[in-house]
Amino acid sequence: MRVDLLTKEYPPEIYGGAGVHVTELVRALREDIDVTVRCFGEPRTDSDTYAYTVPATLTQANPTLATLGVDLQMAQDVSGADLVHSHTWYANGAGHFAKLLHGIPHVVTAHSLEPLRPWKAEQLGGGYRVSSWIEKTAFEAADAVIAVSGGMRRDILRSYPDLDASRVHVVYNGIDLDRWKPTHDLDFVRSLGIDPERPSVVFVGRITRQKGLPYLLRAAATLPADVQLVLCAGAPDTPGILAEVTAGVEELQKERSGVVWINRLLSQHELSAVLTQGTVFVCPSIYEPLGIVNLEAMACGLAVVGTATGGIPEVVADGETGRLVPIEQMTDGTGTPLDPDAFVADLSRTLAEVVGDPVRAAEMGRQGRLRAEREFGWAQIATRTREIYASLL
């Protein structure tokens, strides 16, 4: 069996959780399946991996049209595959066209949903309507749709009610437990301006509306004075959200010490070292299908405080591996808290409770590592994915 896996992100060009997922899934599947990777970007040197750039005539076009230009090239080259598997709307069009062109099954993995990210209209303009059409068309025609959590499955069926529920399967994101583990490198941590002797709250994520970073900045203002806030945050969606976060960080830095903003992409070793030295990891997202960063933190032995939304409650065992912060949200697709002040207050209070009890936080971190080992290894995830492939051939 030959599977062509289509993705925007693939090493070394990775900027989000979908790219991490694809990288690890390919590694696990290739143990016994012929997997050809087709990705966006500059040429790759790995075998059976092909990269595609935007056609010259579309380099100045709306990003969604440029994406379609890449998708068409991918779809043409899928010829000879037994099955095509696409990840994110960027590659969903290629998967759908390949299904029609070559008469093969199409599997989609949903890492996020366009209807639940309406703020992308700030980034794409009218292109947001194009990306939404691509995703809807591909999902409704796919032979199987993989959701990365039960919460994501519910979101899919709510967003696309015409989709046959029997074709929507849950296969969690995973974590490479050999690579992600406690990593002690205090010299590196100090070089970033982090004081290992002080308690710290660590955030890792892109600067985008869904990650809830502005709410965290407000919550951090009321944390005990000795608590550091370490922000590994970059890749802003728009200049507007970057300006908002920048202003919030600068204001916070005027009020308290220990606010460290790392806006460059850290290596896996570097990020593991930052996570390992932390007291608690925070995921203040208002939209999160699962949250690979939570798994990375757990694998490094860090307690996790996360919003009780999306797939986060399926990862964080409340009171065991961390804490869940309640949130009531608007149902217009934005996920905006109905009472932002209440959400910020609950987030601050929960973080203060966890960071204020380092012994309990360390035990939560230990339990988080055990939970990651037990339920989120890539071997189990690859096995379930193979089963879905086999059911379609």
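**Exercise 1.** Determine which strands helix α15 lies across, and at what angle it runs to β4.

*Solution.* Helix α15 (residues 378-392) lies across β1, β4, β5, β6 (144-147) and β7, and runs at about 135° to β4. Here helices (H or I, at least four residues) and strands (E, at least two) are DSSP runs, numbered from the N terminus, while axes are lines fitted to C-alpha atoms, for helices over the stretch in contact, with angles from 0 to 180 degrees between N-to-C directions; contact means heavy atoms within 4.5 Å. This is a predicted model, in which local features need pLDDT of at least 70 and side-chain atom pairs count only at pLDDT 80 or more, whereas totals for chains, interfaces and linings use all residues. Residues are numbered from 1 along each chain as its sequence is written, and side-chain values use heavy atoms, with hydrogens and water left out.

**Exercise 2.** Establish the strand order of the open sheet and identify its edges.

*Solution.* Begin with the order, β3-β2-β1-β4-β5-β6-β7, in which the seven strands are paired in parallel, two strands being paired if DSSP finds at least two bridges between them. Next, β3 (49-52) and β7 (168-170) each have a single partner strand, so one side of each is left without a neighbour in the sheet. Finally, the twist from one strand to the next averages 20°.

**Exercise 3.** Describe the pairing of β4 with β5, and place helix α2 against the sheet strands.

*Solution.* Four bridges join β4 (residues 83-87) to β5 (residues 106-110), and Thr109 in β5 is the bridge partner of His87. Helix α2 (residues 63-77) lies across β1 (2-7), β2 (34-40) and β3, running at about 155° to β2.
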